[in-house]
Amino acid sequence: VTGGRMVGGTGFQLTIRTLPTQPIEIGLLGIEPGILANLRPAQGLNLITGPTGSGKSTLLASAVRFVCERPEANEKIVEYSKPIEYVYDGLDFPTSFVFQTDVGRHLRPRSGGGEDSEWAYAIRNALRRKPSIILLGEARDRATIQGCVEAALTGHLVMSTMHTIGVPETVRRAVMPFPGGERRGIAVDLLECLNLVVTQLLLPRRGGGKVGC
């Protein structure tokens, strides 16, 4: 919700996103077998990328569902988002569960310190909980990008999204928020832990609607 001026005086503009009640079953999304085969490495960083409104959150939630519905998965997934978008109520995860935390609402440092310190605190919290997968809703700034890399380098699997298209732009976007003297170090760390970059676009479908590519 954003305040501002409109025809007739002062008003508000609302941007509203509709989401399914449950993540879409990944088989319905037409994901390539090579991507499916690499969604669950032992550790490292998986990034779902694409422009705004390209279905990144939808694909990430479907990936979590895909991993957790396996009978012998035994996954303990901790999610940190701001805000939480998809929930997993009503799905059958035989041996796994997802615990979701809204950063700044459910979890925040006692000392305050702004959004950067909230995300740093969230990562420290995650590393104390022995998860098998850490999910950060979006790697969007220095704090969240650094958190993804740090958690991945400790031997966890980290999944997140980023507003980029393609591998080169993703690497460039990941290092840009850091001061010049730190960029080489974060680039080396990123390339050491990066497993998978998936870029998704939504293209107009003949006859109406859109299709993921």
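Helices (at least four residues) and strands (at least two) are DSSP runs here, numbered from the N terminus. With those labels in hand, here are some points on this predicted model, offered as a friendly read alongside the structure.

1. **A cis peptide bond.** Pro83 is a good place to start: this residue sits in the loop that runs between strand E4 (76-81) and strand E5 (97-102). The peptide bond joining Lys82 to Pro83 is cis, with omega at about 5°. Most peptide bonds are trans, and most residues other than glycine have a negative phi.

2. **Positive phi at Asn74.** Asn74 is not a glycine, yet its phi is positive, at about 55°. You will find Asn74 in the loop between helix H2 (56-68) and E4. With a relative accessible area of 54%, Asn74 is exposed, because exposed means over 50%.

3. **Positive phi at Lys130.** Lys130 is another non-glycine residue with a positive phi, about 50° in this case. The loop holding Lys130 links helix H3 (115-127) and strand E6 (133-136). Is Lys130 buried or exposed? Lys130 is exposed, and its relative accessible area is 71%.

4. **How H4 meets H6.** Helix H4 (residues 142-153) packs against helix H6 (residues 180-193) at an angle of about 50°, and the two axes are 9 Å apart. H4 and H6 are therefore oblique to each other, and their crossing is left-handed. On the H4 side the contact is made by Arg142, Val149, Ala152 and Leu153; on the H6 side it is made by Glu182, Ile186, Asp189, Leu190, Glu192 and Cys193. Sorted by class, this contact of H4 with H6 has six nonpolar and four charged residues, with no polar ones.

5. **How H5 meets H6.** H6 also packs with H5: the axes of these two helices come within 9 Å and cross at roughly 135°. What does that make their relation: roughly parallel, roughly antiparallel, roughly perpendicular or oblique? Angles over 145 degrees count as roughly antiparallel and those from 65 to 115 as roughly perpendicular; H5 and H6 are therefore oblique to each other. Their crossing is right-handed. From H5, the residues Val171, Ala174 and Val175 meet Arg183, Ile186, Ala187, Leu190 and Leu191 of H6. The contact of H5 with H6 divides into seven nonpolar residues and one charged residue, and no polar ones. If you are following H6 on screen, look at Ile186 and Leu190: they take part in the contact with H4 and also in the contact with H5.

6. **Thr170 in H5.** Helix H5 (residues 167-175) also holds Thr170. This residue counts as buried, because its relative accessibility is 2% and the cut-off for buried is under 20%. Beyond its neighbours within four places in sequence, Thr170 is in contact with Leu47, Thr49, Met162, Thr164 and Val197.

7. **The nonpolar cores.** The largest nonpolar core has 31 residues, of which Leu45, Tyr80, Trp119, Ile134 and Val158 touch the most other members. Which helix gives this core its largest share? That is H4, with six residues. Leu45 itself touches Cys148, Ala152, Val158, Leu190, Cys193, Leu194, Asn195 and Leu196, leaving out residues up to four places away in sequence. Ala152, Leu190 and Cys193 in that list are also part of the contact of H4 with H6. A second core, separate from this one, has 24 residues, including Leu59, Ala61, Val98 and Ile133.

8. **Val103, a buried loop residue.** Val103 lies in the loop between E5 and H3, where it is buried, with a relative accessible area of 0%. Not counting residues up to four places away in sequence, Val103 touches Tyr80, Ser81, Lys82, Glu118, Trp119 and Ala122. Tyr80 and Trp119, both on this list, are among the residues that touch the most other members of the largest core. Lys82 is also on it, and this is the residue joined to Pro83 by the cis bond of point 1.

9. **Lys210 in E10.** Strand E10 (residues 210-212) is the place of Lys210, which is exposed, with a relative accessible area of 55%. Setting aside neighbours within four places in sequence, Lys210 is in contact with Leu202, Leu203, Pro204 and Arg205. Lys210 and Ser54 are 156 residues apart in sequence, and their C-alpha atoms are 9.9 Å apart in space.

Note on methods: Residues numbered from 1 in each chain as written. Predicted model: local features only at pLDDT ≥ 70, side-chain atom pairs only at ≥ 80, totals over all residues. Heavy atoms only, no water. Axes fitted to C-alpha atoms, helices over the stretch in contact; angles between N-to-C directions. Parallel < 35°, antiparallel > 145°, perpendicular 65-115°, else oblique. Left-handed = near helix turned anticlockwise from the far one by under 90°. Contact = heavy atoms within 4.5 Å. Nonpolar A, V, L, I, M, F, W, Y, C, P; charged D, E, K, R; others polar. Core = buried A, V, L, I, M, F, W, Y, C linked by side-chain atoms within 4.5 Å. Buried < 20%, exposed > 50% of the residue type's maximum accessible area, 1.4 Å probe, protein only.
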